[in-house]
Amino acid sequence: MIETIAHITDLHLDESYPFNNSVSARKRFDLILKDIEAKNITQIICTGDIGENKGVQYFFKKLKTKTLSLALGNHDKFIEILKYYNHGADYHSQKIYNSVLKKHHKFIFLDSSEGIIDNRQLIWLKKELKYPKPILIFIHHPILGLNLKVDEIGKLKNRDKVLSMLTKTTNKITIYCGHYHTESSLIHKNITQHITPAIAFQVKKSSKKIEIETTTSGYRIIQINKQDISSKIQLLRNAD
Ligand SMILES: [Zn+2]
């Protein structure tokens with residue numbers, strides 16, 4: 001049986017930037033959700049930056065009939081998220097991270113909400129990586145670098161350390177992330193990294209400046225068929 005997952009990221013619901021209203025980002029999320037439902041996809045993985053204030057409540061309300069897994073982003077607050085989701089909550093470090101064993105794979109959800117993978121989580125991750133089957137990692141921040149302005153200013157602080165841990169394993173590792181509001185796929189040694197476009201707005205690919213584009217929303221459809229993992233981007237246009 002083929003397992004289908006909708007990977008969504010960077011919704012930024014109810015935040016003041018860039019829309020300065022609670023309608024625009026919610027509208028984008030609603031459209032994406034409609035598209036996901038039209039494709040009969042019930043499993044959703046969100047890699048963070050859900051939003052602020054009532055936006056968080058809105059997010060969980062809209063997804064309450066779905067099978068939802070989360071990896072927190074730098075805009076997400078542990079205490080807020082905990083009101084709705086606590087799968088893998090580490091109350092000591094105030095992070096949410098966990099792993100799920102599937103028949104042919106392992107899913108690992110990391111918490112990079114502080115812009116770093118803390119030591120406690122790194123120790124846990126090292127043990128989790130000792131596994132004989134392919135691993136899918138869901139994390140807000142990319143781990144492989146890109147020649148982009150967003151990478152210069154927003155990169156995961158200890159990604160070199162995380163990367164060397166991942167490349168030391170012999171496992172095939174596929175990373176799904178967001179944070180940069182762009183689409184990208186890269187391969188490095190045993191690692192394939194897919195950045196999924198944001199729901200809220202995109203950042204144009206540039207090494208010199210940050211320039212945003214608010215008319216396109218996106219998400220990724222991941223399909224897993226035994227050992228094979230494939231994915232494709234879905235883009236939707238918004239007219240405000
Ligand atoms: Zn982010």
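1. A good place to start is the pair of strands at the end of the chain, where Gly218 stands opposite Leu235 in strand 15. The model discussed here is a predicted one, and in it strand 14 (residues 216-225) pairs with strand 15 in the antiparallel sense, over 10 bridges. The two strands form a hairpin with two residues between them, and in this hairpin Lys226 takes a positive phi near 50 degrees.

2. Strand 15 also deserves a look for its surroundings. Of the 10 residues in strand 15 (residues 228-237), the number that count as buried is zero, so this strand lies largely in the open.

3. Turning to the chain as a whole, the protein has six helices and 15 strands. For 240 residues, a compact globule would have a radius of gyration near 18 Å, and the 17 Å found for this chain agrees with that. Along the principal axes, the C-alpha atoms fill a box of roughly 50 × 40 × 35 Å. Of the 240 residues, 39% count as buried, and among contacts with a separation of 6 or more, 64% join residues that are 24 or more positions apart.

4. One open sheet can be traced strand by strand: six strands lie in the order 6-7-8-9-11-10, and their pairing is mixed. Its edges are strand 6 (98-101) and strand 10 (184-188), each of which pairs on one side only. From one strand to the next, the twist averages 15 degrees. As an example of a pairing, strand 9 (residues 173-177) and strand 11 (residues 191-195) run in the parallel sense over five bridges, and Ile173 stands opposite Ile191 in strand 11.

5. Which structural elements help to cover the buried residues of helix 6? Strand 9 and strand 11 are among them. The residues concerned in helix 6 (residues 159-167) are Arg159, Val162 and Leu166, which are buried. Viewed down the helix axis, the buried residues of helix 6 fall within an arc of 65 degrees, and therefore they line one face of the helix. Asp160 and Ser164, on the other side of helix 6, are exposed.

6. Helix 2 (residues 54-62) can be read in a similar manner, starting from Val56, Tyr58 and Phe59, which are buried. Seen down the axis of helix 2, its buried residues fall within an arc of 160 degrees, so they line one face of the helix. The buried residues of helix 2 pack against helix 1 (23-38) and helix 3 (78-82).

7. In soluble globular proteins, nonpolar side chains tend to be buried together. Here the largest nonpolar core has 55 residues, and those with the most contacts inside it are Leu11, Leu110, Ile137, Phe138, Ile175 and Ile199. Leaving aside neighbours within four places in sequence, Leu110 is in contact with Ala71, Tyr97, Ile117, Gln121, Ile137 and Ile139.

8. Phe138, which lies in strand 8 (residues 135-138), is worth following in the same way. Is Phe138 buried or exposed? Phe138 is buried, because 25 other C-beta atoms lie within 10 Å, where a residue needs 20 or more to count as buried. Not counting residues up to four places away in sequence, Phe138 touches Ile45, Thr47, Ala71, Phe107, Phe109 and Tyr176. As for Ser113, 25 residues separate it from Phe138 in sequence, and the two are 13 Å apart in space, C-alpha to C-alpha.

Definitions and conventions: Residues are numbered from 1 along each chain as its sequence is written. This is a predicted model: local features need pLDDT of at least 70, side-chain atom pairs count only at pLDDT 80 or more; totals for chains, interfaces and linings use all residues. Helices (H or I, at least four residues) and strands (E, at least two) are DSSP runs, numbered from the N terminus. The radius of gyration is taken over C-alpha atoms; the globule rule is 2.2 Å times the number of residues to the power 0.38. A residue is buried if 20 or more other C-beta atoms lie within 10 Å of its own, exposed if 12 or fewer, and partly exposed in between; C-beta atoms are placed from the backbone. Two residues are in contact if their C-beta atoms, placed from the backbone, lie within 7 Å. Two strands pair if DSSP finds at least two bridges between them. Axes are lines fitted to C-alpha atoms, for helices over the stretch in contact, and angles run from 0 to 180 degrees between N-to-C directions. A nonpolar core is a set of buried Ala, Val, Leu, Ile, Met, Phe, Trp, Tyr and Cys residues joined through C-beta atoms within 7 Å. The arc is that of the directions from the helix axis to the C-beta atoms.
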